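I opened this notebook to keep track of what I looked up in one protein model, entry by entry. The entries follow the order in which I went through the structure.

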Amino acid sequence: MTLGGNKLSTRTAVRSSRTRGGRRVYRPRVAVDRTSPVPLYYQLAQQLEAAIRAGELTPGTRLENEVELADRCGLSRPTVRQAIQHLVDRGLLVRKRGVGTQVVQSEIRRPIELTSLHDDLLAAGREPRTSVLELGPATADERVAKELGVPAGAEVVRIRRLRRTGDEPLALLTNYLPRDLIALTADDLTEHGLYELLRGTGVNLRIANQTIGARGATAAEARLLDERRGVPLLTMTRTAYDDKGAAIEYGTHVYRASRYSFALTLVER
């Protein structure tokens with residue numbers, strides 16, 4: 001710390017790093033002014049956010065732990081914790097058990113078009129990764145039966161997948177298909193998007209009814225998406241039809257609101 005007049009500030013080096021457990025730990029430059037009316041936690045949070053926006057702290061970057069950052073900045077640990085939590089709440093940082101605090105990947109913005117999430121991630125230059133949680137026959141309840149145009153209680157195919165971008169979980173996807181529409185394997189769904197597989201069999205998707213909403217994460221969803229129980233999630237339900245008007249798939253999906261958004265273009269009528 002340096003003392004100049006009545007102004008006491010703390011400055012640290014930028015871009016310094018060290019390796020711990022095979023990961024690079026970054027120590028960003030920060031400077032706090034103790035004479036400023038701006039709270040110290042907010043000063044720290046603003047400078048960390050600026051480093052993220054400027055690309056000094058890139059997605060996946062791991063920060064030093066709170067104790068080290070507090071000692072280096074001459075701040076209390078609660079102050080540092082409050083600054084980090086502020087950025088976690090803003091969706092810029094994420095805390096991962098056993099890993100530490102990391103800069104999150106940039107938000108995925110998805111256009112409202114008849115495309116799959118897999119296709120949109122590829123188009124955006126992101127790496128889609130899929131874990132197939134369930135693939136097999138299921139009994140259609142009233143909602144699924146209505147959407148697919150089959151009798152209640154009829155056998156359909158249910159698919160549940162966890163979609164990641166890189167190593168970060170992004171969405172839980174549940175889809176229902178008519179029983180004899182397409183033969184699928186877990187390997188197919190790991191390597192390809194569902195719409196890509198449907199197109200490959202000659203299915204021509206033409207139109208869909210879609211609803212977007214939000215709700216709190218269940219305990220199971222929070223565990224899979226690396227979120228807290230009750231954290232807001234975006235929801236999307238979609239029924240897609242082919243060029244003959246037949247219902248092809250009914251999907252109910254949830255997305256991490258901190259990492260995902262829908263983009264719409266509105267036209268005056």
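## Entry 1: aromatic pairs

I began with two tyrosines and noted that Tyr176 and Tyr250 are both buried. I should record at once that the model I am reading is a predicted one. I then searched the whole structure for aromatic pairs, and the search returned two of them. In one, Tyr41 and Tyr42 pair edge-to-face, with 6.1 Å from centre to centre and 70 degrees between the planes. I looked up how far these two residues are covered: Tyr41 is partly exposed at a relative accessible area of 21%, and Tyr42 is partly exposed as well, at 32%. The other pair is made by Tyr176 and Tyr250, which are stacked, with 6.2 Å between the centres and 25 degrees between the planes. This pair links distant parts of the chain, since Tyr176 belongs to strand 12 (residues 168–178) and Tyr250 to strand 15 (residues 247–256), 74 residues apart.

## Entry 2: the whole protein

I stepped back to take in the overall make-up, and I counted eight helices and 16 strands in the protein. Of its 269 residues, 44% count as buried. I also looked at contacts between residues with a separation of 6 or more, and found that 58% of them are between residues 24 or more positions apart.

## Entry 3: helix 2

Next I went along helix 2, which covers residues 66–73, and noted that Glu66, Leu69, Ala70, Arg72 and Cys73 are buried there. Why do they lie on the same side of helix 2? I found that they cover an arc of only 165 degrees around the axis, which puts them on the same side of the helix. At the N-terminal end of helix 2 I found a cap formed by Asn65, where a side-chain oxygen lies 3.1 Å from the backbone nitrogen of Val67. After helix 2 comes Gly74, and its phi is positive, near 70 degrees.

## Entry 4: salt bridges

I then asked how many salt bridges a search of the whole structure finds. The search gave 11 salt bridges, and I followed up some of them.

Glu66 of helix 2 came up again here, as its side chain meets that of Arg95 in a salt bridge with an N to O distance of 3.2 Å. The pair links distant parts of the chain, with Arg95 in strand 7 (residues 93–96) and Glu66 in helix 2, 29 residues apart. Arg95 is partly exposed, with a relative accessible area of 33%, whereas Glu66 counts as buried at 12% relative accessibility.

I next took up Glu134 and Arg158, which form a salt bridge whose closest N and O atoms are 2.7 Å apart. Here too the pair links distant parts of the chain: Glu134 is in strand 10 (residues 128–139), Arg158 is in strand 11 (residues 155–165), and 24 residues separate them. Glu134 counts as partly exposed at 25% relative accessibility, and Arg158 counts as partly exposed at 26%.

The last pair I followed up was Arg143 and Glu147, whose side chains meet in a salt bridge at 3.2 Å, N to O. Because they are four residues apart in helix 5 (residues 142–148), about one helical turn separates them. Arg143 is partly exposed, with a relative accessible area of 44%, while Glu147 is buried, at 17%. I also noted that salt bridges sharing partners join Glu66, Arg77, Arg81 and Arg95 into one network.

## Entry 5: nonpolar cores

To finish, I asked which residues touch the most other members of the largest nonpolar core. This core has 22 residues, and those with the most contacts to other members are Leu44, Leu57, Val80 and Leu93. Helix 1 (40–54), helix 2 and helix 3 (77–89) each supply at least two residues of the core. I looked at Val80 in detail: leaving out residues up to four places away in sequence, Val80 touches Leu44, Glu66, Leu69, Ala70 and Leu75. There is also a second, separate core of 14 residues, and Ile182, Leu184, Leu198 and Val203 are among them.

Note on methods:
Residues are numbered from 1 along each chain as its sequence is written. This is a predicted model: local features need pLDDT of at least 70, side-chain atom pairs count only at pLDDT 80 or more; totals for chains, interfaces and linings use all residues. Side-chain values use heavy atoms; hydrogens and water are left out. Buried means under 20% relative accessible area, exposed over 50%, partly exposed in between (1.4 Å probe, protein chains only). The arc is that of the directions from the helix axis to the C-beta atoms. A polar contact is a pair of N or O atoms within 3.5 Å; within protein, one must be able to donate a hydrogen and the other to accept it, and residues adjacent in sequence count only if both atoms are side-chain atoms. Rings of Phe, Tyr and Trp (its six-membered ring) pair if their centres lie within 6.5 Å; planes under 30 degrees apart count as stacked, over 60 as edge-to-face and the rest as tilted. A salt bridge is a side-chain nitrogen of Lys or Arg within 4 Å of a carboxyl oxygen of Asp or Glu. A nonpolar core is a set of buried Ala, Val, Leu, Ile, Met, Phe, Trp, Tyr and Cys residues joined through side-chain atoms within 4.5 Å. Contact means heavy atoms within 4.5 Å.
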